[in-house]
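Colleague: Before I rely on the terms in your description, I would like to see each of them justified. Please set the values against the definitions.

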Amino acid sequence: MNTNVTDPVALQTMRLYEGIGRIVVSFQQIEQWLAEILAMLLRMREKDDQFLVSAAMSFGQKVDLLVELYPKRKTAHLQDVDLVVVKNALATAEEFRNRVVHSFWAIECADETRWIRIKGSLRGRKGLKLSKTSANIEMLHECDSALLVIREWMLKETEKIEAASATLKAYMSDGRITGN
């Protein structure tokens, strides 16, 4: 990030882009680490096998397979984890990432100093529903930190994973990053 920028809108724009980018990359790391663990549990031996797992399955399928295989095939060097907490945290991470990535981020027309997030959804007979909120750039950075905890679910205490998941859920439920 260019720290010499003095224009507040330009600085806010850079921080927004950085926050969205960090969320995308952090989630990719979660997904790739999950694929790597699955390749190990499946006893795949080639270095690139994790990419086969990653390419062949959706994120949800990978999570379901992890829940099935981990207790049966984990080796001695892998620690015991609360798979219910891990599964919920991984699902929350995916939902949060999808809400960020599938939103429209724009400068507010009525206030050219403010970024907003717009999310549209079609609801059958109810038609189009638009949700418009101010972009909370600090929230994006805080949620990225939560994603980094979830990424390391095998190394973190259950309480830390639950807290990280709760952070993402709180931002999704209080209107600052709603799915509608």
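Modeller: Let us start with helix α2 (residues 49-56), whose buried residues are Asp-49, Gln-50, Val-53 and Ser-54. The model is predicted, so local features need pLDDT of at least 70 and side-chain atom pairs count only at pLDDT 80 or more, whereas totals for chains, interfaces and linings use all residues. Residues are numbered from 1 along each chain as its sequence is written, and side-chain values use heavy atoms, without hydrogens and water.

Colleague: What makes a residue of α2 buried, and how do you know on which side of α2 these residues lie?

Modeller: Buried means under 20% relative accessible area, exposed means over 50%, and partly exposed lies in between (1.4 Å probe, protein chains only). The four buried residues named above cover an arc of only 145° around the axis, so they lie on the same side of α2; the arc is that of the directions from the helix axis to the C-beta atoms. The face turned away from this buried side carries the exposed residues Leu-52, Ala-55 and Ala-56.

Colleague: Why is α2 called a helix, and what counts as a strand?

Modeller: Both are DSSP runs numbered from the N terminus: helices are H or I with at least four residues, strands are E with at least two. The protein has six helices and three strands, in the sequence pattern α-α-α-α-β-β-β-α-α.

Colleague: What makes β1 and β3 edge strands?

Modeller: Two strands pair if DSSP finds at least two bridges between them. Four bridges join β1 to β2 (residues 115-122) in the antiparallel sense, and β2 pairs with β3 over seven bridges, also antiparallel. The three strands form an open sheet in the order β1-β2-β3. Within it, β1 (104-107) and β3 each have a single partner strand, so one side of each is left without a neighbour in the sheet. One of the bridge partners across β1 and β2 is the pair Phe-104 and Ile-118. β2 and β3 form a hairpin with five residues between them, and Gly-124 in the turn has a positive phi of about 55°.

Colleague: Why is Leu-128 called exposed?

Modeller: Its relative accessible area is 59%, so Leu-128 passes the cut-off for exposed. Leu-128 lies in strand β3 (residues 128-134), and Leu-122 stands opposite it. Together with Leu-130, these two leucines make a nonpolar surface patch of about 370 Å².

Colleague: What makes the contact between Lys-72 and Glu-68 a salt bridge?

Modeller: A salt bridge is a side-chain nitrogen of Lys or Arg within 4 Å of a carboxyl oxygen of Asp or Glu. For Lys-72 and Glu-68 the N to O distance is 2.3 Å, so the pair qualifies. Both residues lie in helix α3 (residues 59-73), four residues apart, about one turn of the helix. At 60% relative accessibility Lys-72 counts as exposed, while Glu-68, at 44%, is partly exposed.

Colleague: How do you know that Arg-151 is buried and Glu-152 partly exposed?

Modeller: Arg-151 has 19% relative accessibility and therefore counts as buried, whereas Glu-152, at 21%, counts as partly exposed. Their closest N and O atoms are 3.1 Å apart, and they form a salt bridge. By the same rule the count comes to 13 salt bridges.

Note on methods: Patch = residues over 30% accessible without salt bridge, like charges linked within 9 Å, V, L, I, M, F, W, Y side chains within 5 Å. Areas by Shrake-Rupley, 256 points an atom, 1.4 Å probe, with all protein chains shown as cover.
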